[in-house]
Amino acid sequence: MRKILQLGLLILIGVALISSTLKEDYFEGEIHYDIDYKLQTDRTTIESLKLSTGSKMVMLFKDGNYYKKIYNSKNELIVEIMLLLENKKYYWKRYDSDTINWFDITKNDSPTVFKISGNKTFLNQYCTIVDSETKINYNNINKVLKARYVYSNELKTNPNWYDEYKEGNYNEISKKLNCIILEEKFDAYYYEKILRATSIISRKIKDKEFGFDIKNKPLKQI
């Protein structure tokens, strides 16, 4: 009887060890970014863009959801962005408006194609470089916007989180790569916007620090 119990205990321990080995350690924490610009016209200045559009960003990431806070060159919070997978929505708000803009992530209004272009090391992370082209047809703007992303191969994400995130064909790239971006360069019509991560902090994110209130607020679909 004792041998049977010992054998049963060994089996349970073996199963537990296998389960812990198979379980992915998905990234949860915060990432800080600097934001810079490269002008493609004389309609504005870099100083003006950093003041109105942002000079740094903090992203909190948890269970596939993210909350981004963008600050200007005066260290004022000017934009908040939130992805809530449970709601299937992406939310965006500015400091100077009560209206919260949102779009349905299950609808693809911005068809995007991706091309893996190589690898690089960034912030001691082994990364994959991806180039993309997105067709924009919105508010009398009809253009193909190009972007380059540097995805971390070491900050793990679950591709199943994004099965229904079809906007910008995000569900497709999430099947091939982890979806934490450490560097991003994209064409913003008359300037190039450049985000570069400066620090990665792995930690537990508390519910109370994640996101902004959307209840009893004016909402506008974009």
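Me: Which residues does glutamine 125 touch, not counting residues up to four places away in sequence?

Reply: Contacts of this kind show which parts of a folded chain meet. In this predicted model, glutamine 125 touches Lys120, Ser152, Glu154, Leu155, Leu182 and Ile200, with residues up to four places away in sequence left out. Glutamine 125 itself belongs to strand S8, which covers residues 125-138.

Me: Is glutamine 125 buried or exposed?

Reply: One reads this from the relative accessible area, and buried means under 20%. Glutamine 125 has a relative accessible area of 11%, so this residue is buried.

Me: Where is alanine 147, and what does alanine 147 touch?

Reply: Alanine 147 is found in strand S9, residues 141-152. With residues up to four places away in sequence set aside, the contacts of alanine 147 are Val130, Asp131, Ser132, Lys185 and Phe186. For one of these residues, serine 132, two separations can be set side by side: 15 residues along the sequence, and 5.2 Å in space from C-alpha to C-alpha. Alanine 147 is also buried, at a relative accessible area of 10%.

Me: How many helices and strands does the protein chain have, and what share of its residues is buried?

Reply: The protein chain contains three helices and 12 strands. Of its 222 residues, 41% are buried. The accessible surface of the chain is about 13700 Å², and carbon and sulfur atoms hold 50% of this area. Contacts may also be sorted by sequence separation: among those with a separation of 6 or more, 55% join residues 24 or more positions apart.

Me: How should I read a single strand, and which residues of S6 lie on each of its faces?

Reply: For a strand, one may consider each face in turn. In S6, Ile100, Trp102 and Asp104 lie on one side, while Asn101 and Phe103 lie on the other, and all are buried. The strand spans residues 100-104, and five of its five residues are buried.

Me: With which strands does S6 pair, and in what sense?

Reply: The sense of a pairing may be antiparallel or parallel, and S6 offers a case of each. Strand S5, residues 89-94, pairs with S6 in the antiparallel sense over four bridges. Within that pairing, tyrosine 91 has tryptophan 102 of S6 as its bridge partner. The connection from S5 to S6 is a hairpin of five residues. Strand S12, residues 219-221, runs parallel to S6, and three bridges join the two. There, isoleucine 100 has leucine 219 of S12 as its bridge partner.

Me: Which members of the largest nonpolar core touch the most other members?

Reply: A core may be read through its best-connected members. The largest nonpolar core has 41 residues, and those touching the most other members are Ile31, Tyr66, Tyr162, Tyr165, Ile180 and Leu182. Tyrosine 165 touches Tyr66, Leu83, Tyr90, Phe103, Ile105, Tyr170 and Asn171, not counting residues up to four places away in sequence. There is also a second, separate core of 10 residues, including Leu60, Met82, Ile205 and Phe212.

Me: Why can charged side chains pair, and how many salt bridges does a search of the whole structure find?

Reply: Side chains of opposite charge can pair when their charged atoms come close. In this structure the search finds 13 salt bridges. One of them joins lysine 50 and aspartate 36, whose closest N and O atoms are 3.9 Å apart. Lysine 50 lies in helix H2 (residues 46-52) and aspartate 36 in strand S1 (residues 29-39), so this salt bridge ties together parts 14 residues apart in sequence. Both partners are partly exposed: lysine 50 has a relative accessible area of 25%, and aspartate 36 has one of 31%.

Me: What does the salt bridge between aspartate 207 and lysine 62 tie together?

Reply: The closest N and O atoms of aspartate 207 and lysine 62 are 3.1 Å apart. Aspartate 207 is in the loop between strand S11 (191-202) and S12, and lysine 62 is in strand S2 (residues 56-62), so the pair ties together parts that are 145 residues apart in sequence. Aspartate 207 counts as exposed, at 65% relative accessibility.

Me: Which residues are linked in a network of salt bridges?

Reply: A network links several charged residues. Here its members are Glu30, Arg203 and Glu209. The side chains of arginine 203 and glutamate 209 meet at 2.9 Å, N to O. Arginine 203 is partly exposed at a relative accessible area of 27%, and glutamate 209 is partly exposed at 26%.

Methods: Residues are numbered from 1 along each chain as its sequence is written. This is a predicted model: local features need pLDDT of at least 70, side-chain atom pairs count only at pLDDT 80 or more; totals for chains, interfaces and linings use all residues. Side-chain values use heavy atoms; hydrogens and water are left out. Buried means under 20% relative accessible area, exposed over 50%, partly exposed in between (1.4 Å probe, protein chains only). Two strands pair if DSSP finds at least two bridges between them. A salt bridge is a side-chain nitrogen of Lys or Arg within 4 Å of a carboxyl oxygen of Asp or Glu. A nonpolar core is a set of buried Ala, Val, Leu, Ile, Met, Phe, Trp, Tyr and Cys residues joined through side-chain atoms within 4.5 Å. Contact means heavy atoms within 4.5 Å. Accessible areas come from the Shrake-Rupley method with a 1.4 Å probe; for residues, only the protein chains shown count as cover.
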